[in-house]
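The following paragraphs lead the reader through a structure, moving from one helix and its surroundings to the wider assembly. The sequence and the coordinates are best kept in view throughout.

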Protein chains: 2
Amino acid sequence: MNAEIIAVGSELLTPQRIDTNSLWLTDQLNELGVEVVTKIVAGDDRARLSVHLAAALARSDMVLITGGLGPTEDDVTRDAVAVTLGRKLEFRQDICDIIEARFKRMSRTMAEINRRQAFVIEGAGVLDNDRGTAPGLWLESEGRLVVLLPGPPNEMKAMFSGQCRAKLVARLPALAIRTLQLRVAGMPESDVDQLIAPVYTQYTNPVTTILAAPSDIQIHLRARCETAYEASRLVAELGDRIRVLLGDRIYSDNGASLEATVGALLRARGATVCVAESATGGALAERLTSVAGSSDYFVGGFLTYTDRMKMDLLGVSPALLAEHTAVSEPVAQAMAEGARARTGAGYGVSVTGVAGPERGTDDAPVGTIIIGVASAGNAAARRFRFLGDRGRVRALAAQTALDMLRRKLLA
Amino acid sequence: MNAEIIAVGSELLTPQRIDTNSLWLTDQLNELGVEVVTKIVAGDDRARLSVHLAAALARSDMVLITGGLGPTEDDVTRDAVAVTLGRKLEFRQDICDIIEARFKRMSRTMAEINRRQAFVIEGAGVLDNDRGTAPGLWLESEGRLVVLLPGPPNEMKAMFSGQCRAKLVARLPALAIRTLQLRVAGMPESDVDQLIAPVYTQYTNPVTTILAAPSDIQIHLRARCETAYEASRLVAELGDRIRVLLGDRIYSDNGASLEATVGALLRARGATVCVAESATGGALAERLTSVAGSSDYFVGGFLTYTDRMKMDLLGVSPALLAEHTAVSEPVAQAMAEGARARTGAGYGVSVTGVAGPERGTDDAPVGTIIIGVASAGNAAARRFRFLGDRGRVRALAAQTALDMLRRKLLA
């Protein structure tokens with residue numbers, strides 16, 4: 001079975017914006033054994049979209065259309081699909097009521113134009129949108145499937161995962177698929193690949209895919225077999241061989257993010273944590289607290305962007321700052337200890353450094369980051385040098401701080 | 001004049017890879033007054049590519065194809081284009097010699113398969129590739145233009161800039177383009193559109209595009225005229241009419257982000273700011289400090305995830321917490337004031353609330369966010385209710401807090 005994806009939106013035809021929904025959808029479809037054979041980006045133009053859809057339906061079993069379901073004149077997907085399939089649009093009061101209720105919950109009045117979103121193509125199944133106002137639509141026409149999904153990624157993903165996936169599974173031939181996701185911190189992609197390629201290239205099933213974000217590598221294994229037993233066995237076999245090579249650099253094997261992994265370790269130990277951030281300016285705490293329920297172990301912390309704040313809020317001694325400067329191991333250690341003492345948390349993590357692009361020095365060039373970790377009667381700090389722009393240096397610093405805390409908790 | 005871009009390569013149909021060449025090409029084409037009306041990603045499949053090209057030629061003046069010019073069996077672009085246009089492929093010894101010489105310069109021997117790259121479609125102009133082995137091709141057919149470019153971005157860009165751009169300029173009518181970007185905080189897309197659509201729909205030139213992120217709307221105007229004077233005049237005219245409608249909801253007209261705009265206001269006033277974050281857990285400070293040079297005005301702050309921390313670190317009184325709970329205007333105000341007093345910053349911004357997905361109450365359901373802003377002798381707080389998952393609620397809270405600070409600085 002094969003599919004085409006059409007992303008609708010004139011903004012996706014500008015130099016500034018790119019369709020990324022199709023990457024996520026492709027991953028989902030591939031997992032179900034569906035191949036994506038063409039991707040199209042179309043503007044907010046009824047006639048052109050209609051031409052693309054007609055051509056796609058002539059070629060492929062399934063067409064997924066993202067975007068163009070909003071309330072404005074620019075949003076042409078419903079109209080264009082109806083015209084292409086030769087079907088009518090029907091106003092549905094029940095859907096209008098749902099949209100209106102959503103506005104009420106936000107203490108707002110529904111604008112008149114939002115009524116447009118309550119029009120449904122004749123014969124379509126409605127896909128509820130619990131994250132936005134635009135419902136999706138599920139249509140079958142002459143043995144082909146057409147699915148209309150909203151453009152905002154969070155709405156699109158929730159709708160596909162929650163509603164489309166099961167409907168697709170029911171249509172597709174049964175094939176057992178088993179996957180394993182190993183996540184690795186603190187190694188560049190090329191090092192990971194060099195280490196494990198000699199093993200995974202021996203297998204065509206499972207298929208191995210490596211996804212890389214700065215200092216966060218995901219190794220995806222996917223086996224497709226006639227039986228679940230065989231798929232499970234193959235994934236476990238290759239997974240175990242990779243585990244032997246990477247050891248404790250693997251921080252999760254269940255898809256959990258590094259911040260969720262650290263959170264689970266803290267919760268399991270009944271421990272609490274606080275932060276003292278300079279160079280990351282809140283990015284470390286933001287990640288720790290992005291996990292639901294993180295108030296069970298994250299108590300709080302300090303953002304100390306100046307020497308004065310490091311002294312006043314964390315009690316770092318003026319002499320230490322004068323002797324070593326703020327970008328030093330002793331100061332990072334004192335920051336982590338100071339945060340611990342002032343919050344009463346079991347663990348304290350600090351980040352200081354030079355995120356750039358300016359204000360580097362000979363001793364601490366741009367990209368220098370010192371990370372401290374303190375626990376009862378114990379504190380240590382490590383110096384790193386990260387390359388890249390300000391955003392990348394800060395992201396690498398937060399990632400590395402989380403990984404140091406993870407290793408401390410495991411030790 | 002309009003154009004379509006076809007990116008060729010099966011790897012661009014996987015979940016891991018995306019075509020970014022088209023962004024750069026779109027920028028180049030727009031600058032010449034050429035509009036990109038469709039983008040297609042096609043796999044390494046002769047028949048499919050041929051269908052896409054034939055359809056594109058029927059619709060548009062110009063088709064740019066990137067990729068698929070390599071030496072392997074997988075590289076099908078030359079073949080597919082020749083078949084679609086009904087032309088022959090001719091082996092060109094002079095091009096083969098150039099490729100062979102390139103290998104020699106790298107002290108390597110040309111593989112036999114590289115001879116495939118010396119085939120040229122009948123009637124095509126050859127575009128030299130000084131960064132790789134695959135020459136590009138420039139074809140005219142029945143008034144339409146077809147340009148074949150290599151896939152590697154550095155090769156594609158050098159070939160377009162060095163050879164295609166001048167050829168295109170010579171074909172195109174002279175056109176001047178002027179743009180304006182207005183950014184708006186604190187309004188949903190539908191409200192912005194309802195307000196300004198009656199005005200911008202009166203203009204087909206400039207073209208208006210609206211991009212929406214949570215509580216952050218970008219309005220792009222682009223005018224294309226025979227003279228720069230006329231294009232500037234039209235953009236200014238429509239821009240001014242939109243400004244009248246949106247007033248101070250527009251936070252920037254030069255592409256600056258909200259955090260950069262707030263930073264510029266603080267710097268212009270010689271003012272400093274601190275934060276006290278509960279529900280956002282660092283997300284507000286992370287945005288403020290994502291701007292290079294933010295240490296000029298951001299001094300630091302407090303992350304107070306528990307009542308205890310709000311008391312110990314910020315001096316919020318136990319009685320106030322007991323009477324109103326942590327998710328209340330009086331506590332948000334006290335947090336902002338406490339942070340100001342402890343850091344000495346001129347402005348204090350606080351965020352408290354329930355980001356979810358759990359721990360909502362009747363008085364403060366999930367999504368309730370209170371934002372406080374304090375300055376010398378003055379403090380205020382506002383209550384909001386945001387819908388969405390934890391990440392979205394936190395992002396909306398940080399965005400709204402930045403906008404409240406901006407309005408305070410403008411007041």
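In helix 8 of chain B, which covers residues 258-268, the buried residues are B:L258, B:E259, B:A260, B:T261, B:V262, B:G263 and B:L266. The model in which they appear is a predicted one. The partners of these buried residues in helix 8 of chain B are both strands and helices: strand 9 (176-185), strand 11 (216-225), strand 12 (250-252), strand 13 (273-277), helix 9 (283-288) and helix 13 (390-410), which belong to chain B. Just after helix 8 of chain B comes B:G270, whose phi is positive, at about 60°.

The corresponding topic in chain A is the packing of two helices. Two packed helices are described by the angle between their axes and the distance between the axes. For helix 8 (residues 258-269) and helix 13 of chain A, the angle is about 30° and the axes lie 10 Å apart. Since angles under 35 degrees count as roughly parallel, helix 8 of chain A and helix 13 of chain A are therefore roughly parallel to each other. The crossing of helix 8 of chain A past helix 13 of chain A is left-handed. Helix 8 of chain A contributes A:L258, A:E259, A:T261, A:V262, A:L265, A:L266 and A:R269 to this contact, while helix 13 of chain A contributes A:Q399, A:L402, A:D403, A:L405, A:R406 and A:L409. By class, the residues of the contact between helix 8 and helix 13 of chain A comprise seven nonpolar, two polar and four charged.

Chain A as a whole contains 13 helices and 17 strands. Its C-alpha trace spans about 80 × 55 × 40 Å along the principal axes. Of the 411 residues in chain A, 50% are buried. Among contacts in chain A with a separation of 6 or more, 65% are between residues 24 or more positions apart.

A single residue of chain B shows how such an environment looks locally. B:V373 lies in strand 16 (residues 368-375) of chain B. Because 24 other C-beta atoms lie within 10 Å, B:V373 is buried. Its contacts, leaving aside neighbours within four places in sequence, are B:A336, B:Y347, B:V349, B:A380, B:M404, B:L405 and B:K408. By C-alpha atoms, B:V373 and B:Q93 are 74 Å apart in space, with their positions 280 residues apart in sequence.

The two chains meet through 62 residues of chain A and 59 residues of chain B. On the side of chain A that touches chain B, the elements giving two or more residues include helix 1 (21-31), strand 2 (35-42), helix 2 (46-59) and helix 13 (390-410) of chain A. That side of chain A has 27 nonpolar, 24 polar and eleven charged residues.

Strand 2 of chain A pairs with strand 2 (residues 35-42) of chain B in the antiparallel sense, over five bridges. Here A:V41 stands opposite B:K39. An open sheet of twelve strands, with mixed pairing, runs in the order 6(A)-7(A)-8(A)-3(A)-1(A)-2(A)-2(B)-1(B)-3(B)-8(B)-7(B)-6(B). At its edges stand strand 6 (125-127) of chain A and strand 6 (125-127) of chain B; each has a single partner strand, so one side of each is left without a neighbour in the sheet. From one strand to the next, the twist averages 15°. Within chain B, strand 3 (residues 62-66) and strand 8 (residues 144-149) run parallel and are joined by five bridges, and B:M62 stands opposite B:L145 in strand 8 of chain B.

Definitions and conventions
Residues are numbered from 1 along each chain as its sequence is written. Chains are lettered from A and ligands numbered from 1 in the order in which they are written. This is a predicted model: local features need pLDDT of at least 70, side-chain atom pairs count only at pLDDT 80 or more; totals for chains, interfaces and linings use all residues. Two residues are in contact if their C-beta atoms, placed from the backbone, lie within 7 Å. Helices (H or I, at least four residues) and strands (E, at least two) are DSSP runs, numbered from the N terminus. Ala, Val, Leu, Ile, Met, Phe, Trp, Tyr, Cys and Pro count as nonpolar, Asp, Glu, Lys and Arg as charged, and the others, Gly among them, as polar. Two strands pair if DSSP finds at least two bridges between them. Axes are lines fitted to C-alpha atoms, for helices over the stretch in contact, and angles run from 0 to 180 degrees between N-to-C directions. Angles under 35 degrees count as roughly parallel, over 145 as roughly antiparallel, 65 to 115 as roughly perpendicular and the rest as oblique. A crossing is left-handed if the near helix is turned anticlockwise from the far one by less than a right angle, and right-handed if clockwise. A residue is buried if 20 or more other C-beta atoms lie within 10 Å of its own, exposed if 12 or fewer, and partly exposed in between; C-beta atoms are placed from the backbone.
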